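User: I'm new to this structure and would like a close look at one part of it. Could you take me through the sheet and whatever packs against it?

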Amino acid sequence: MLMNRIETAVVNSPARRGLQRFYEVPLLARLGGRVAGGRALEVGCGSGEGTRLILDKFGAARVDALDLDPAMVKRARRRLARYGPDRVRLAVGSATDLRAAVSAPDASYDAVFDFGIIHHVEDWRAAIAEIARVLRPGGRFFFEEVTATALARPHTGCCSTIPATTGSPPGNSWPNASS
Ligand SMILES: C[S@@+](CC[C@H](N)C(=O)[O-])C[C@H]1O[C@@H](n2cnc3c(N)ncnc32)[C@H](O)[C@@H]1O
């Protein structure tokens, strides 16, 4: 599902990039470690800041990144041009079909990254199944997501975080939601 104008403006803002760079990435790296020299995939790459951080902070050798929105992929291409095609490959496509989007075979990535996109994906189970399919045995899925509480009450819930262990924060019904 494409974003509305307000969310697009928020996602493309310096504040969003700062949150990703100074909070989300250090937290995810602390929880899951680096992927030095590895091959990574980012689903829903938006304007490409996450891809840049996967290369520079997580140490991936190469990142394939995709987004449903061609305008976002265009932004990402500009942001990531300096890395060259050997390190970054960008595509327009859906996380629900990674063969169509990036020709991803089974067990082909060391890590998959999702920075806040699953709540946009109507058939999110298909996206999770695809991510599981393309991760190699022992590969890691790094993701962050807004909670159902935050989605329902953005003015009070926007700073809810999922605890470091797997699972949901109190009152979060997202994992059982139908879409
Ligand atoms: C909230 S934004 C997050 C963008 C970026 N990951 C970030 O953290 O700034 C959600 C992104 O997911 C993309 N998206 C929505 N549905 C998608 C799908 N089925 N497959 C891939 N990307 C999708 C949107 O176009 C948008 O760029």
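Analyst: Here is a walk through the sheet, strand by strand, with its surroundings.

Keep in mind that this is a predicted model. To get your bearings, the protein chain contains 8 helices and 5 strands. Reading from the N terminus, they come in the order α-α-β-α-β-α-β-α-β-α-β-α-α. The sheet itself is open, has 5 strands in the order 3-2-1-4-5, and pairs them in parallel. At its edges sit strand 3 (88-92) and strand 5 (135-144), each pairing on one side only. Going from one strand to the next, the twist averages 15°.

Let's start with strand 1. This strand is mostly covered, with 4 of its 5 residues buried. Strand 1 runs parallel to strand 2, and 5 bridges join the two. Look for valine 43: its bridge partner in strand 2 is leucine 66. Setting aside residues up to four places away in sequence, valine 43 touches Leu66, Ala95, Val112, Asp114, Ile117, Ala127 and Ile131.

That valine also turns up in the largest nonpolar core, a set of 36 residues where Ala40, Val43 and Val112 have the most contacts inside the core. Strand 4 (residues 109-115) gives the most to this core, namely 5 residues. As a general point, nonpolar side chains in soluble globular proteins tend to be buried together.

Now step over to strand 4. Strand 4 pairs with strand 5 in the parallel sense, over 6 bridges. Across that pairing, phenylalanine 113 stands opposite phenylalanine 142 in strand 5.

Strand 4 also holds aspartate 114. Is this aspartate buried or exposed? Aspartate 114 counts as buried because it has 22 C-beta neighbours inside 10 Å, and the cut-off for being buried is 20 or more. Leaving out neighbours within four places in sequence, aspartate 114 is in contact with Val43, Gly44 and Phe143. Aspartate 114 and phenylalanine 142 make a nice example of how the fold brings the chain together: they are 28 residues apart in sequence, with 6.3 Å between their C-alpha atoms. For the whole protein chain, take the contacts between residues at least 6 apart in sequence: 64% of them join residues at least 24 apart.

Next, the helices that lie across the strands. Helix 6 (residues 124-134) lies across strand 1 (39-43), strand 4 and strand 5, and runs at about 140° to strand 5. Helix 4 (residues 70-80) lies across strand 2 and strand 3, at about 165° to strand 3.

Helix 4 has a helix partner too. The axes of helix 3 (residues 49-56) and helix 4 come within 9 Å and cross at roughly 35°. There, Glu49, Thr51 and Arg52 in helix 3 meet Ala76, Arg79 and Leu80 in helix 4. Sorted by class, this contact has 2 nonpolar, 1 polar and 3 charged residues.

Finally, the ligand. Among the 24 residues around the ligand, those that come nearest are Gly44, Gly46, Asp69, Phe115 and His120. The elements giving two or more residues to this shell are helix 2 (14-32) and strand 2 (62-67). By class, the shell has 13 nonpolar, 8 polar and 3 charged residues. You have already met Gly44, as one of the contacts of aspartate 114.

Key:
Residues are numbered from 1 along each chain as its sequence is written. This is a predicted model: local features need pLDDT of at least 70, side-chain atom pairs count only at pLDDT 80 or more; totals for chains, interfaces and linings use all residues. A residue is near a molecule or strand if its C-beta atom, placed from the backbone, lies within 6 Å of it. Ala, Val, Leu, Ile, Met, Phe, Trp, Tyr, Cys and Pro count as nonpolar, Asp, Glu, Lys and Arg as charged, and the others, Gly among them, as polar. Two residues are in contact if their C-beta atoms, placed from the backbone, lie within 7 Å. A nonpolar core is a set of buried Ala, Val, Leu, Ile, Met, Phe, Trp, Tyr and Cys residues joined through C-beta atoms within 7 Å. A residue is buried if 20 or more other C-beta atoms lie within 10 Å of its own, exposed if 12 or fewer, and partly exposed in between; C-beta atoms are placed from the backbone. Two strands pair if DSSP finds at least two bridges between them. Axes are lines fitted to C-alpha atoms, for helices over the stretch in contact, and angles run from 0 to 180 degrees between N-to-C directions.
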